[in-house]
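Student: Could you take me through the salt bridges here, one pair at a time? I'd like a close look at which parts they join and how covered the partners are.

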Amino acid sequence: AFSSIMRGCENYCAYCVVPYVRGQERSRDGVSITQEAETLFHKGFREVTLLGQNVNSYHWTQDGTKTAFAGLLEKVARVNPLLRIRFATSHPKDLSDALLQTMARYKNICKAIHLPVQSGSTRILDHMNRGYTRDQYLELTAAIRSFLPDCAISTDIIAGFCDETEEDHKETLSLMEQVGFDYAYMFRYSERPDTLAADRYKDNVPAEVKDRRLREIIDLQQKLSYQSNKKDVGKIFEVLIEGFSKRSDEFFSGRNSQNKVVVFPVTGNNPGEYVRVKINRFTSATLIGEAM
């Protein structure tokens, strides 16, 4: 299930129209969010994803008590230990140690963080109005590894943003390797009307250059995803069964805490139940194992 905890955005990234069409950030009452999670659990849901354009900027004040996102996450995690909690999306400029500490305390808060970087070049990040530098992003991912050694980190990357040079592109590739993303959503830049970039910048990276750079980013990420999954061979994960595999009714498919797809032979269990699965094989997109 998915639970929207806030609306709007106030980051004004140069390529994005969301702040203009969805307005200022408005956070939901934390009590209503917790109650919704309780209702979903009693209806049989075993995983809920908290949604917001930037969940890290969630804030709610009631009777003089302020609740930030880390506090909300803890309250939802306490609904029931059998209810898995995920969230998306985290803006790097607002990721806090308090959030990472909360994730470390609760087993049912999934160990996966989607942290869009968009570019590995500080110059381009500034051009995008992202609010952080390359070094600050690397410090954040180092903090995640420190607090949560088994946490998966995924990201978004844009190839060919306005004025991006070959050196900027190489910085993106090097950052990808340095972080070792588990998976990523990768796009070529496409100008959106009514954005800062459309109004002030020239979309001046040729289409064929964008396509080539995107291909290099995708090829590298496939390599990184392969390496990430290879490290999981021999490990045992708790997997929430979501249903049958797309390829065969003889296999179940589910996800582990790190949000990786795990496929294994059908057992006597049912969707919505947890199974411990030992990983024996893998592809760049899937872990393959057997129930313990």
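Tutor: Here is a walk through the salt bridges, pair by pair. First, the ground rules: this is a predicted model, so local features need pLDDT of at least 70, side-chain atom pairs count only at pLDDT 80 or more, and totals for chains, interfaces and linings use all residues. Residues are numbered from 1 along each chain as its sequence is written, and side-chain values use heavy atoms, with hydrogens and water left out.

Side chains of opposite charge can pair when their charged atoms come close. The cut-off used here is a side-chain nitrogen of Lys or Arg within 4 Å of a carboxyl oxygen of Asp or Glu. By that rule the structure holds 18 salt bridges.

Take Asp168 and Arg123, whose side chains meet at 2.4 Å, N to O. Asp168 lies in helix H7 and Arg123 in helix H5 (residues 122-128), so this pair ties together parts that are 45 residues apart in sequence. Those labels are DSSP runs numbered from the N terminus: helices (H or I) have at least four residues, strands (E) at least two. As for cover, buried means under 20% relative accessible area, exposed over 50%, and partly exposed in between, with a 1.4 Å probe and protein chains only. Asp168 is buried at 4%, while Arg123 is partly exposed at 42%.

Next up is Arg213 with Glu164, where the closest N and O atoms are 2.9 Å apart. Arg213 sits in helix H9 (residues 207-230) and Glu164 in the loop between E9 and H7, so the link spans parts that are 49 residues apart in sequence. Both ends are tucked away: Arg213 is buried at 5% relative accessibility, and Glu164 is buried at 6%. This pair also belongs to something wider, since Glu164, Glu166, Arg212, Arg213 and Glu216 are linked in a network of salt bridges.

Then there's Asp182 with Lys260, with 3.8 Å between the closest N and O atoms. Here a loop meets a loop: Asp182 lies between H7 and strand E10 (183-188), and Lys260 between strand E12 (251-255) and strand E13 (261-265), so the pair ties together parts that are 78 residues apart in sequence. Asp182 counts as buried, with a relative accessible area of 11%, and Lys260 is buried too, at 7%.
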